[in-house]
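Visitor: Please choose one part of this structure and take a close, unhurried look at it with me. I would like to know what it is made of and what surrounds it.

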Amino acid sequence: MFAVQVNRSNASRRKLIKAGAAGVSGFLLSLIPRASSAQQENMQNTDIQSARGSYKMERVTFNSNGVELVGNLYIPTNLAKPAPAVPILGPVAFVKEQSPIQYATRMASSGFVTLAFDPSFHGESGGEPRHYESPQAKVSDLKSAVSYLLSRPEVDKNRVYLLGVCQGVNWTIQAAVEDTRIKALALVAGHYLTRETIDEYSGGEEKTRERIERASQARTKYEKTGEVDYIPIVSLNDPNALLLPKPIYQWYIRWAERGPVWDFLGKWENRVAAMSEAELWTYRVDETVKKLNLPLLMVHADRAASGSVLPKKLFELIAATDKHLVWLGDRVQFQFYEEPETIDLAVGNVCEWFNRHV
């Protein structure tokens, strides 16, 4: 009897091993009932919308200086009349699936038509060379996003605003200075590009000069040969990486995951064209804000990018008299990227600000 029990156990074990060899995930998925053809068709034809049905998402493309940009347009449902609209610009080398979507979905739930898009050279959008950080292109992309929104029937043509997050605040300010169609703007947790902040991130004035010189050489090489030199955006062991602090590495590196189950994270890659630094580290937003006369909201915190002192100095330099500063305690930068409570606070203030300026 004992021998018979052993044989049965071995047979069962062989079946289990065989199932494992075929793939545990596939074995488990095979146990889930399949939807009927009619059910599958119904699901495929259902609009993408929030759980509360407060907005729907539409994949869109639009042109920016000959480059096709890809975005997610979030449209409030049940609009009785055209709504205000906001394109969103995120941190350095961002893709739309990062912080922009966090803000876009919440603002759409509050009645704003919002556009989160991959800028030129990044993500799903076109443009060569890939992963090139160009301030001029970012500004042009924002203007093109405004033009696209103004072409939509859902948008109130007199209520187009701008929202910048982290380093995106710089190009948001520049675009607002240049484009008279924009009625107001909001800046959240800004990494404001001044000599002070640039030297802080690079490790001092001498390091900044070295990085700019290396970037200039990379640009000359590209112009002569078409070959692009790349550096990591974040790294724990490469001193040439664009962003050196460990906490920044810890947040960004998760977005480099690839594979079918991580497609929703977008197409972020941990590399940037080395020549980008020549333009990034020579920009001076402290000069641009002196020309900014539009209604402006600044949202910041003690441990957000740029620290607790510089944003207040820049706020005083802003030419506009209709401006407001909201300070959210000692929050850190990454809370503005993904912590629901912090983003909800920021979005609530942004929506209230824009609604004041009809």
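Guide: What follows starts from one helix and the spaces beside it, and then moves to a loop residue and its surroundings.

The model is a predicted one, in which local features need pLDDT of at least 70 and side-chain atom pairs count only at pLDDT 80 or more, while totals for chains, interfaces and linings use all residues. Residues are numbered from 1 along each chain as its sequence is written, and side-chain values use heavy atoms, with hydrogens and water left out.

The protein chain has 14 helices and 11 strands, where helices (H or I, at least four residues) and strands (E, at least two) are DSSP runs numbered from the N terminus. Of its 358 residues, 49% count as buried, a word that stands for under 20% relative accessible area, with exposed over 50% and partly exposed in between (1.4 Å probe, protein chains only).

The helix to look at is H7, residues 195–202. Its buried residues are Thr197, Ile198, Asp199, Tyr201 and Ser202, and what covers them includes helix H8 (205–225), H9, helix H10 (276–280) and helix H12 (310–317). Just after H7, glycine 203 has a positive phi of about 105°.

Two kinds of space matter here, both found on a 1 Å grid over the protein atoms alone: a cavity is a set of points where a 1.4 Å probe fits but cannot get out, a pocket is an open set with protein on both sides within 12 Å along at least five of seven lines, and lining residues have an atom within 4 Å of a point. For volumes, grid points are joined across faces, edges and corners, and the space filled by probe spheres set on the points is taken.

There are 2 cavities of 30 Å³ or more in the structure. The largest cavity holds about 40 Å³, and H7 gives the most to its lining, with 3 residues. Ile198, Tyr201 and Ser202 are part of that lining, together with Arg211, Ala241, Leu242, Leu244 and Trp281. By class this makes 6 nonpolar, 1 polar and 1 charged, with Ala, Val, Leu, Ile, Met, Phe, Trp, Tyr, Cys and Pro taken as nonpolar, Asp, Glu, Lys and Arg as charged, and the others, Gly among them, as polar.

The largest pocket, with about 360 Å³ of space, is lined by 20 residues, and Tyr201, Ile248, Ala305, Gln333 and Phe334 lie nearest its centre. H7 and helix H9 (246–252) are the elements that give two or more residues to this lining, and H9 gives the largest share, 3 residues. The lining divides into 13 nonpolar, 5 polar and 2 charged residues. Tyr201 is thus a lining residue of the largest cavity as well as of the largest pocket.

The second largest cavity, of about 30 Å³, is lined by Ala93, Phe94, Val95, His122, Gly123, His131, Ile233, Lys267, Trp268 and Glu269. Of these, valine 95 sits in the loop between strand S3 (83–89) and helix H4 (99–109) and is buried, with a relative accessible area of 1%. Beyond its neighbours within four places in sequence, valine 95 is in contact (heavy atoms within 4.5 Å) with Pro100, Asp118, Gly123, Leu265, Lys267 and Trp268. Gly123, Lys267 and Trp268 also belong to the lining of that cavity. Trp268 is in turn linked by ring pairs into a cluster with Trp251, Tyr252, Trp255, Phe334 and Tyr337; rings of Phe, Tyr and Trp (its six-membered ring) pair if their centres lie within 6.5 Å, and planes under 30 degrees apart count as stacked, over 60 as edge-to-face and the rest as tilted. Phe334, a member of this cluster, is one of the residues nearest the centre of the largest pocket, which leads back to the surroundings of H7.
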